[in-house]
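Q: Please take a close look at one part of this model: the place where the two chains meet. Walk me through it step by step.

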Protein chains: 2
Amino acid sequence: MLKLTFARKLIAAAAVAAAVIAPAQAAEKTYRLKLAETWPTNFGVFSHPAREMAQLAEQMSNGRLKIEIDTANKHKSAFGVFDMVRAGQYDMGHSASYYWKGKVPNTLFFTTMPFGMTATEQYGWFYFGGGMDLMQKVYEPFGLISVPGGNTGMQMGGWFRKEINSVEDLNGLKMRIPGFAGEVLAKLGASPTNIAPGELYTSLERGTIDALEWVGPSMDLRMGFHKIAPYYYTGWHEPGTELQFLINKKKFDSLPEDLQKILMTAMKVSAYNMTIESHHASAENWFNMKTEFPDVQVKNFPPEVIAALKKANDELLVEAAAADPLAKEIIDSQTGYQKLIRVWTDIGERAYLNSMAEE
Amino acid sequence: MLKLTFARKLIAAAAVAAAVIAPAQAAEKTYRLKLAETWPTNFGVFSHPAREMAQLAEQMSNGRLKIEIDTANKHKSAFGVFDMVRAGQYDMGHSASYYWKGKVPNTLFFTTMPFGMTATEQYGWFYFGGGMDLMQKVYEPFGLISVPGGNTGMQMGGWFRKEINSVEDLNGLKMRIPGFAGEVLAKLGASPTNIAPGELYTSLERGTIDALEWVGPSMDLRMGFHKIAPYYYTGWHEPGTELQFLINKKKFDSLPEDLQKILMTAMKVSAYNMTIESHHASAENWFNMKTEFPDVQVKNFPPEVIAALKKANDELLVEAAAADPLAKEIIDSQTGYQKLIRVWTDIGERAYLNSMAEE
């Protein structure tokens, strides 16, 4: 009897233990996600957000969330990231929204726009000005979530072998400059082209092209353009290029809530960190370029060239807005927000930077 | 025999269960931290980082990390946060490093400095230029960890009832401007004072003071200064004011590793978010001020005034560096980093903002 009672107690204890273990074991389940990057292996600052995000997610989840990263060297499909995440072949991606404009035209607006917002202003738009909702409106129909993935900061206007002194100098200019900015230049008579990164240096050196834009000092140094093109023009076409984390929504929804929050926070902080690191790396790399090649000159496009580019850009935006109601909604939102926030950027940081530069 | 064997099996099962439960229960333990803010209740953007951090920490930890926040209305000791966290009366604080310069002079350098770095540049210094190590060197002897707590962005030079057209106009000027910037102004003959926030409006209205600085549009709108002072001068003295999270190190070290990582990440992302929100709120509030009081004028100090302020500031920094080796190490690090990164800020964002403003 005693033994039986003891046995019963043990059974009861074991049952309680089992009940306690069940949720604990569920909580201890490991979730594994696979992420595809658009970038090749060791691609400077661009390679950092996905890796930092994965590390933070694993540490914050005490190993319950593990994210494996494949670079383009592995999956061989740099511009297949959208499709692979959509199909569930990968759970996540790290890329840039404007790469998908051939498939989904409105994805164009969530990276950067010529004469658009700076990195800080654009984060303001994403997080406090309605940008995140509009981005989700564009990605939702494809079962995808898109969130900011790190900013390059101001991109430079590019490396030129001869000076641009007038709008006429753009006529016939062969320049590697893809996307919307290429269309803007085409309106002014230039011949924009796209060329694979590995062939850019030789194309510029041999005169196949007269000019090219890449990123800015943070990514340009390794490309070596400063060795063969003496003029480095300041930027207008990509004032705050935001990369992108893509997530398969069904997969995301299947994660426990705490891991969803961990994943979202890890992406957000890694994106912000890349933004800061880009500014740092551009400063450091520019110093190194200038030290090694003191003849490199920083140039501003003449005001009449900027005005002509801006006019061509505005015309293209009007066309885009007329073609599609959602495009119009996004363009109106961005234009309105930029107008509001630029006034403050000018009173605040621009006035300060100018006062210190004068002095 | 059978029963005994059964009982033994149950005992063995229970032992296994207990072994499994032990770490699971430890993992489920709830850690409660108390945080003291320097700010009163509902203090605009300043009130957001601690609350967002606490919410993220709780969500990411699935409720295992709970942070209770007391505002200064509760603990009645706005400037006692350093001491209370040091003593373990609170586990954390949200404040600003330069408030402690009376106790620990070198804490001055980790908020913002006159003619110093912008928010983005300073984050570069903190995270990629050695700033975090130097800050820890200052706080470690007090058993404290200090990390960035959110940036106000450019602070305005203040509200003035009459224009400043020359260095002579600063002579005898009664201005509310605390800290290092007050010392800079004093060198040029001004009479800097500090006045409790609640009395600022009346002091300016009655002419007890001629001018005052507070923050920028994000925080100034609610104070109403734009109703009684027509000139809003652009900034020089606090180009990127970073708030601070303080943590009692012993308490932090007692947390499990995953919760440490969650806490650190929640603080970091909340700080970045406040930086973006400040820029947004300043833009919005400036728009509202200007709409309500169209006569408010934004003014730049004349270049000769800026030059004189800069000279006085440089002299004070030389004195500070001569007085203490760690102060010298910090000043040298900041000065060197700012020189490196400002070149890029000027080529990148400043050139872009200027080109768009011209056009």
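**The interface of chain A and chain B**

A: Start with charge. Zero salt bridges are counted between chain A and chain B. Polar contacts are another matter: the rule finds 16 residue pairs across the interface, both partners at pLDDT 80 or more. That confidence value appears because this is a predicted model.

Which parts of chain A take part? Six helices of chain A each supply at least two residues to the side that touches chain B: α1 (2-28), α2 (48-60), α5 (119-128), α11 (257-292), α12 (303-323) and α13 (325-358). Of these, α13(A) gives the most, with 21 residues. Sorted by class, this side of chain A has 43 nonpolar, 19 polar and 15 charged residues.

Now the extent of the interface. In contact are 77 residues of chain A and 78 residues of chain B. The area buried between the two chains is about 7200 Å². Carbon and sulfur atoms give 75% of that area. Three residues stand out: His279(A), Trp344(A) and Tyr352(A) supply 12% of what chain A buries against chain B. No other three residues supply more.

Last, the symmetry. A turn of 180 degrees, with a shift of 0.0 Å along the axis, lays chain A on chain B with an RMSD of 0.0 Å. The two copies are therefore related as by a two-fold rotation axis. The interface residues fit this picture. 100% of those in chain A are also interface residues in chain B, so the copies meet through the same surface.

Terms used
Residues numbered from 1 in each chain as written. Chains lettered and ligands numbered in written order. Predicted model: local features only at pLDDT ≥ 70, side-chain atom pairs only at ≥ 80, totals over all residues. Heavy atoms only, no water. Contact = heavy atoms within 4.5 Å. Buried area = accessible area lost by both parts, 1.4 Å probe. Salt bridge = Lys/Arg side-chain N within 4 Å of Asp/Glu carboxyl O. Polar contact = N/O pair within 3.5 Å; in protein donor to acceptor, adjacent residues only side chain to side chain. Helix = DSSP H or I, 4+ residues; strand = E, 2+ residues; numbered from the N terminus. Nonpolar A, V, L, I, M, F, W, Y, C, P; charged D, E, K, R; others polar. Least-squares fit on C-alpha atoms with pLDDT ≥ 70 in both.
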